[in-house]
Amino acid sequence: MPAISETHSLGISVEIGKIEKELKKLWEQSEGAMTRASLVNLAVYSEALDSLEKNTQLIAKIAENHTCRAIVIEADCNAKDNRVEAWISAHCHISRTGSKQICSEQISFLLEGPCANLLPSIVFSHLDSDLPFYLWWQSEFHEPMDPQLWAWVDRVIYDSQTWEDFQAQMRLVQSAQQEAKQRIVLCDLNWTRLDKVRFALAQFFDHPASHHRFAKLDKARIDFAPGFRSTAVLFAGWLAAQLNWRAEKARSEHKLRFIDPAGRNIDIELRERAGEPISQIMLNSREVEFLVAHAQCGDLLEVSRRKSGEKRMPQLMPAAKNDPVSLMSEELMRGGPHHVYLRAVNCVRDVL
């Protein structure tokens, strides 16, 4: 059987019309030592130079816990010459019983020139049966959105942290949803970064006896790393959506203002600091200060609340990881649509 490279290379070069035949041959030559497994079709699309190699390493890590048929695509839409190349490979790991290798297939494509328009037909012709189709779109979306492509997608995964124009990109994403008759689940890795800090802050108010403090919140501060302002604004949008605050036009890129149902002003300060995407969140009411901050060491959050004059007594909770494999693993395990995400986006769309 052909050796499965431990360095996770692109694998065997194949002709476009013989991909399925070569994959079948790959499994036949394994003589039963490898078991093909797949729970989802995962297509990864990028327009970045040399992204095939980088995404192959990511798929190898992701496949350790999420078996899939991976379709990895690098597109150079500006190339003068028309060219299509393809490779097949497998990412394998030993089963828990230690008897067989459980393997995920990967089909890789390099598209150059006008052939990049072949994306829908290339993807559709290599999906694995009727398994769900997840599309990880690593580039910015382009207009017009291809209805042929989006009609097949079950879940589109993207990272709004890299967007230069959030409003324009979000309009394109929602137009894709419309093309698919609202069937597409939107998965923003920028939102996934907030899972643990949202949970940590929400636990302060889990008990109904704490709900009266909502009406007493009057200011907040969010510390974010360079390049992660949109992550901080999304968090502010989530808080506003949960508490029915209405956003006012931002007076400064460093401060957001909201109006609560009683007509009170709530200001949220945004501070850029080196560190984690969101390194600290502080909420203040008339009586209590609520704090969620990354611990000095380890993947942990320090969570505390204190009244004026009291000593802070932090508790430790798990923190999110910011690497692509961890973020994608969270998304691949996630269940339903992000209705809460869309409410947060709508609250702060004008300031993102």
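Visitor: How many disulfides does a search of the whole structure find?

Guide: In this predicted model, a search of the whole structure finds one disulfide.

Visitor: What makes the link of Cys 92 and Cys 103 a disulfide?

Guide: The two sulfur atoms lie 2.0 Å apart, and a pair of cysteine sulfur atoms within 2.5 Å is counted as a disulfide, so Cys 92 and Cys 103 meet the criterion. With 110 degrees about the S-S bond, this link is right-handed.

Visitor: Which parts of the chain does the pair tie together?

Guide: Cys 92 belongs to strand β5 (residues 83-94) and Cys 103 to strand β6 (residues 101-112), so the disulfide ties together parts that are eleven residues apart in sequence.

Visitor: Why is Cys 92 called partly exposed, and is Cys 103 buried or exposed?

Guide: Cys 92 has a relative accessibility of 24%, and because buried means under 20% and exposed over 50%, with partly exposed in between, Cys 92 counts as partly exposed. Cys 103, at 0% relative accessibility, falls under the 20% limit and therefore counts as buried.

Visitor: How do you know that Cys 187 is in no disulfide?

Guide: The nearest cysteine sulfur to that of Cys 187 belongs to Cys 68 and is 15 Å away, whereas a disulfide needs the sulfur atoms within 2.5 Å, so Cys 187 is in no disulfide. Cys 187 is buried, with a relative accessible area of 0%, while Cys 297, with 59%, is over the 50% limit and is therefore exposed.

Visitor: What is the volume of the largest cavity, and which residues line it?

Guide: The structure holds two cavities of 30 Å³ or more, and about 110 Å³ of space lies in the largest cavity. Its lining includes Arg 193, Lys 196, Glu 276, His 294 and Lys 321, and by class the lining residues divide into four nonpolar, two polar and four charged.

Visitor: What supplies the lining of the second largest cavity?

Guide: The second largest cavity has a volume of about 30 Å³, and β12 (255-259) and α10 (339-348) each supply at least two residues of its lining. The largest share, three residues, comes from β12. Among the lining residues are Leu 256, Arg 257, Phe 258 and Cys 347, and the classes come to six nonpolar, no polar and two charged residues.

Visitor: Why is the aromatic pair of Phe 204 and Phe 290 called tilted?

Guide: The count comes to 16 aromatic pairs, and in the pair of Phe 204 and Phe 290 the rings are 5.1 Å centre to centre with 55 degrees between the planes. Because centres must lie within 6.5 Å, and planes under 30 degrees apart count as stacked and over 60 as edge-to-face, the two rings form a pair that is tilted. This pair links distant parts of the chain, 86 residues apart, with Phe 204 in the loop between α7 (195-202) and β10 (217-224) and Phe 290 in strand β15 (residues 288-294).

Visitor: How do you know that Phe 204 and Phe 290 are buried?

Guide: The relative accessible area of Phe 204 is 7% and that of Phe 290 is 0%, and because buried means under 20%, Phe 204 and Phe 290 are buried. Phe 290 also forms a tilted pair with Phe 205, at 5.0 Å centre to centre and 50 degrees between the planes, and Phe 205 is likewise buried, with a relative accessible area of 9%.

How values were computed
Residues are numbered from 1 along each chain as its sequence is written. This is a predicted model: local features need pLDDT of at least 70, side-chain atom pairs count only at pLDDT 80 or more; totals for chains, interfaces and linings use all residues. Side-chain values use heavy atoms; hydrogens and water are left out. Helices (H or I, at least four residues) and strands (E, at least two) are DSSP runs, numbered from the N terminus. Buried means under 20% relative accessible area, exposed over 50%, partly exposed in between (1.4 Å probe, protein chains only). On a 1 Å grid over the protein atoms alone, a cavity is a set of points where a 1.4 Å probe fits but cannot get out, and a pocket is an open set with protein on both sides within 12 Å along at least five of seven lines; lining residues have an atom within 4 Å of a point. Grid points are joined across faces, edges and corners, and a volume is the space filled by probe spheres set on the points. Ala, Val, Leu, Ile, Met, Phe, Trp, Tyr, Cys and Pro count as nonpolar, Asp, Glu, Lys and Arg as charged, and the others, Gly among them, as polar. Rings of Phe, Tyr and Trp (its six-membered ring) pair if their centres lie within 6.5 Å; planes under 30 degrees apart count as stacked, over 60 as edge-to-face and the rest as tilted.
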